[in-house]
Amino acid sequence: MSEDKSVLQAEQQELPEQFEVAMKELQAIVQSMENQVLSLDDALKAYERGMLLSRVCQQKLEDAQLQVHVLQDNLLRPLAQDDEREGEDE
């Protein structure tokens with residue numbers, strides 16, 4: 001059983017850092033599972049790897065979304081022109 005855990009940990013360490021790389025590998029896994037007849041063991045390994053890659057992609061997307069929110073909060077502010085126009089009409 002400890003051997004299974006070490007294999008899983010090794011797979012997690014080998015996960016790609018970049019979203020695009022993880023997504024490309026995930027797409028290849030999905031395509032191979034759809035187009036090929038895999039043994040049960042190979043299908044389970046492919047599924048497990050796909051789930052790990054899916055988590056990488058999801059985390060990268062969540063990180064990017066958070067970064068966008070931070071940027072919006074710092075960069076997007078109400079325009080002061082609206083207040084100035086109201087003063088000109090009076």
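The following exchange examines how several descriptions of this predicted model are justified.

Reader: How is the chain built, in terms of helices and strands?

Author: The chain has four helices and zero strands. Read from the N terminus, its elements run α-α-α-α.

Reader: What makes Arg49 and Glu25 a salt bridge?

Author: The closest N and O atoms of Arg49 and Glu25 are 2.9 Å apart. A salt bridge requires a side-chain nitrogen of Lys or Arg within 4 Å of a carboxyl oxygen of Asp or Glu. The pair is therefore called a salt bridge, since 2.9 Å is within 4 Å. As to the chemistry, side chains of opposite charge can pair when their charged atoms come close.

Reader: How many salt bridges does a search of the whole structure find?

Author: The search finds one.

Reader: Which parts of the chain does the pair of Arg49 and Glu25 tie together?

Author: Arg49 belongs to helix H3, residues 40-75, and Glu25 to helix H2, residues 19-35, so the pair links parts that are 24 residues apart in sequence.

Reader: Why is Arg49 called buried, whereas Glu25 is called partly exposed?

Author: Arg49 has a relative accessibility of 15%. Buried means under 20%, so Arg49 counts as buried. Glu25 has a relative accessible area of 28%. That value lies between the 20% and 50% limits, so Glu25 is partly exposed.

Reader: How do you know that the span of H2 agrees with what is expected of a helix?

Author: H2 has 17 residues, and its first and last C-alpha atoms are 24 Å apart. The expected span is 1.5 Å times one less than the number of residues, and for H2 this comes to 24 Å. The span of H2 is therefore close to the expected one.

Reader: What is the corresponding result for H3?

Author: H3 has 36 residues and should span 52 Å at 1.5 Å a residue; its end C-alpha atoms are 52 Å apart, so the two values agree.

Reader: Why are the buried residues of H2 said to line one face of the helix?

Author: The buried residues of H2 are Ala22, Leu26 and Ile29. Seen down the axis of H2, these buried residues fall within an arc of 60 degrees, so they line one face. On the other side of H2, Glu20, Lys24, Gln27, Glu34 and Asn35 are exposed.

Reader: Against which element do the buried residues of H2 pack?

Author: They pack against H3. The buried residues of H3 include Ala46, Gly50, Leu52, Leu53, Val56 and Cys57.

Reader: What makes Ala22 a buried residue?

Author: Ala22, in helix H2, has a relative accessibility of 0%. The limit for buried is under 20%, so Ala22 meets it. Apart from residues up to four places away in sequence, Ala22 touches Pro16, Leu53, Val56 and Cys57. Ala22 and Leu53 are 31 residues apart in sequence, and their C-alpha atoms are 5.7 Å apart.

Reader: Why is Lys60 called partly exposed?

Author: Lys60 lies in helix H3 and has a relative accessibility of 31%. Partly exposed covers values between the 20% and 50% limits, so Lys60 belongs there. Lys60 touches Glu17 and Phe19, leaving aside residues up to four places away in sequence. Lys60 and Glu17 are 43 residues apart in sequence and 8.9 Å apart in space, C-alpha to C-alpha.

Reader: Is Ser54 buried, partly exposed or exposed?

Author: Ser54, also placed in helix H3, has a relative accessibility of 30% and therefore counts as partly exposed. The C-alpha atoms of Ser54 and Glu25 are separated by 9.9 Å, with their positions 29 residues apart along the chain.

Reader: Which residues make the nonpolar surface patch?

Author: Met33, Tyr47 and Met51 make this patch of about 280 Å². Tyr47 lies in helix H3.

Reader: What can be said of the chain as a whole?

Author: Of its 90 residues, 13% count as buried. Its accessible surface comes to about 7,900 Å², of which 52% belongs to carbon and sulfur atoms. Among contacts with a separation of 6 or more, 78% come from residues 24 or more positions apart.

Key
Residues numbered from 1 in each chain as written. Predicted model: local features only at pLDDT ≥ 70, side-chain atom pairs only at ≥ 80, totals over all residues. Heavy atoms only, no water. Helix = DSSP H or I, 4+ residues; strand = E, 2+ residues; numbered from the N terminus. Buried < 20%, exposed > 50% of the residue type's maximum accessible area, 1.4 Å probe, protein only. Patch = residues over 30% accessible without salt bridge, like charges linked within 9 Å, V, L, I, M, F, W, Y side chains within 5 Å. Areas by Shrake-Rupley, 256 points an atom, 1.4 Å probe, with all protein chains shown as cover. Contact = heavy atoms within 4.5 Å. Arc of directions from axis to C-beta.
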